[in-house]
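Student: I would like to learn how to read a structural model feature by feature, with the general idea given before the particular case. Could we begin with how a contact between polar atoms is recognised?

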Amino acid sequence: MTIRADTTVFSARTLSEWVRDARRCTFELVADLTDEQMIGPLLPIINPLLWEIGHVAWFQEKWVLRHALGREPIRPDADALWDSIAIPHDERWRLPLPSREQTLAYMREVRDRVLEVLERSELTPELAYFVCLSVFHEDMHTEAITYTRQTLGYPPPKLSLVVGTSAISAEGGPLPGDVEIPGGTFWLGATPDEPFVFDNEKWAHPVSVRPFVMARAPVTQAEFAAFVDDGGYRRREWWSEAGWQWRERVGAEHPVYWRREAPGRWWRRHFDQWVPLEPHRPVIHVNWYEAEAYCRWAGRRLPTEWEWEVAAAGEPDASGARLAERKRRFPWGDEPPTPERANLDWRAMGCVDVGALAAGESAFGCRQMIGNVWEWTSSDFLPYPGFTPDPYKEYSQPWFGDHKVLRGGCWVTRGRLLRNTWRNFYRPDRRDVWAGFRTCALSR
Ligand code: FE
């Protein structure tokens, strides 16, 4: 199949708005930082922000202007500066990067040339694909820039997107309990009518799913604190071999941004501020090993990625005993996310209670499957049957096998990026990302 995006969904006008909006967010996410903060310490989990903002513009130039339209590079040194495939990670701190002003000028130049193309040229499905790709890539980096600010203890970003929008309430309390989800044949993955799709979602294929029992909500901070206070990080029996090795190597005694104020009283760091645990909000910044250990302690397990997708996208048939054939694009139906349904787009500048946003429930009564917190699944990130890489070959293929799948998006993720079939993937030791988890009952 050729590379294309649906231009009835992604019109030139919509794409122009997104190109502007994504770039504005990138600018705003770093606008208050000093030049020193724009470089920051060399850590394997982040990029120097001055490099990262140039890289998103370079990616857009490479795929939209150079690849799709055959234009010459704007800067002859651009590949040597910002090509993330060619430049080893640690090298990014040692590059002769242009100044901040020059980098911002390049970012505006690329944006304006793309906007001019959208205004003047015919929008082909292929061009629409590459513009979408560049916007969604930038969206992933604006999420990464936000967690970099958390990692480095910078203040929360100030975004005009958030200012003036009606703030969503973080209240909602806990949402205990499980739902029973029927089994049947489920078509895992995206269908060809999806207007834009990443290679790792292709294509929907039948999987046989047994009935399972899943929590209505992700694990909360209070629930995770009970595990920590029960000596969860000290007791070998809750941890897998690989998990225990990780725990010993980094000396983990509790989630990375937690601090014990007094016995049983925890605080956590949110950007540059310490706050008492919010008991009914989901635990966040825990890695796959920590999620796995919690599950063993609680007598639970992580869902597989197809169970997660069934819970989010599936519907019961008329009898209620089997899965229906129909699949929803989002937990609540096919309409795009709204503030009443999902906590996305930095709107709450943090997580909300797991009991909030009742309007976003799935057909089976699982809440907040889209937004708030990424959810680890038990599954390795692997290609679906018949996988072939799309033109951006390094998006998925290099990461198959040693990453775990996460689903659903978090409070930072852009709503335009997500759908039920969207697969995210991180190494199991990453706890700097916006990840939590939801559990399933052990099979009876
Ligand atoms: Fe990138």
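Tutor: A polar contact is a pair of N or O atoms within 3.5 Å, and within protein one of them must be able to donate a hydrogen while the other must be able to accept it. Keep in mind throughout that this is a predicted model. With that cut-off in hand, consider the side chain of N287, which reaches the backbone nitrogen of Y289 at 2.9 Å.

Student: Where does N287 sit, and is N287 buried or exposed?

Tutor: The place of N287 is in the loop between β7 (273-276) and α8 (288-298). Buried means under 20% relative accessible area, and N287 counts as buried because its relative accessibility is 0%.

Student: Which residues is N287 in contact with, once its neighbours within four places in sequence are left aside?

Tutor: The partners of N287 on that reading are W246, W376, P428, D429, R430 and R431. One of them, R430, also belongs to the residues closest to the centre of the largest pocket.

Student: How should I read that pocket, and what is its volume?

Tutor: One reads a pocket through its volume, the residues that line it and the elements that supply them. The largest pocket here has a volume of about 1,300 Å³, and of the 38 residues that line it, those closest to its centre are N47, Y147, W399, Y426 and R430. At least two lining residues come from each of α2, α5, α7 (241-250) and β11 (423-426), with α5 giving the largest share, seven residues. By class, the lining divides into 19 nonpolar, nine polar and 10 charged residues.

Student: What does the second largest pocket look like in the same terms?

Tutor: The second largest pocket has a volume of about 460 Å³, and 26 residues line it, with W18, P336, P337, G415 and R416 the closest to its centre. Its lining holds 15 nonpolar, three polar and eight charged residues.

Student: How does a cavity differ from a pocket, and how many cavities of 30 Å³ or more does the structure hold?

Tutor: In a cavity a 1.4 Å probe fits but cannot get out, whereas a pocket is open. The structure holds four cavities of 30 Å³ or more, and about 60 Å³ of space lies in the second largest of them. Among the residues that line this second largest cavity are R268, H270, E278, R281, W411 and W434, and the lining as a whole has five nonpolar, three polar and three charged residues.

Student: How is a metal site read, and which protein atoms are the donors of the iron ion?

Tutor: One looks for the donor atoms, then for their spacing in sequence and their setting in the fold. The protein donors of the iron ion are the NE2 atoms of H55, H137 and H141, lying 2.2 Å from the ion, and the donor residues are spaced H-x81-H-x3-H in sequence. The pair of H55 in helix α2 (residues 49-68) and H141 in helix α5 (residues 125-151) links distant parts of the chain, 86 residues apart.

Student: Why do H55 and H141 count as buried?

Tutor: H55 counts as buried because its relative accessibility is 2%, and H141 counts as buried because its relative accessibility is 13%. Not counting residues up to four places away in sequence, H55 touches W82, S84, H137 and H141, a set that includes the other two donor residues of the iron ion.

Student: Let us finish with a helix: how much of α9 is buried?

Tutor: To read the burial of a helix, one takes its residues in turn. Helix α9 is mostly covered, with eight of its nine residues buried, including E305, E307, W308 and V310. E307, in helix α9 (residues 305-313), is buried with a relative accessible area of 8%, and a polar contact of 2.8 Å joins its side chain to that of R301. Leaving out residues up to four places away in sequence, E307 touches F212, M214, R301 and C440.

Student: Which strand holds I181, and what is I181 in contact with beyond its neighbours within four places in sequence?

Tutor: I181 is found in strand β1 (residues 178-181) and is buried, at 2% relative accessibility. Its contacts beyond those neighbours are P211, F212, M214, V310, A311, F364 and C366, and V310 and A311 are among the buried residues of α9.

Key:
Residues are numbered from 1 along each chain as its sequence is written. This is a predicted model: local features need pLDDT of at least 70, side-chain atom pairs count only at pLDDT 80 or more; totals for chains, interfaces and linings use all residues. Side-chain values use heavy atoms; hydrogens and water are left out. On a 1 Å grid over the protein atoms alone, a cavity is a set of points where a 1.4 Å probe fits but cannot get out, and a pocket is an open set with protein on both sides within 12 Å along at least five of seven lines; lining residues have an atom within 4 Å of a point. Grid points are joined across faces, edges and corners, and a volume is the space filled by probe spheres set on the points. Ala, Val, Leu, Ile, Met, Phe, Trp, Tyr, Cys and Pro count as nonpolar, Asp, Glu, Lys and Arg as charged, and the others, Gly among them, as polar. Donors are N, O and S atoms within 2.8 Å of the metal (3.2 Å for Na, K and Ca); water is not among the atoms, so sites may look incomplete. Helices (H or I, at least four residues) and strands (E, at least two) are DSSP runs, numbered from the N terminus. Buried means under 20% relative accessible area, exposed over 50%, partly exposed in between (1.4 Å probe, protein chains only). Contact means heavy atoms within 4.5 Å.
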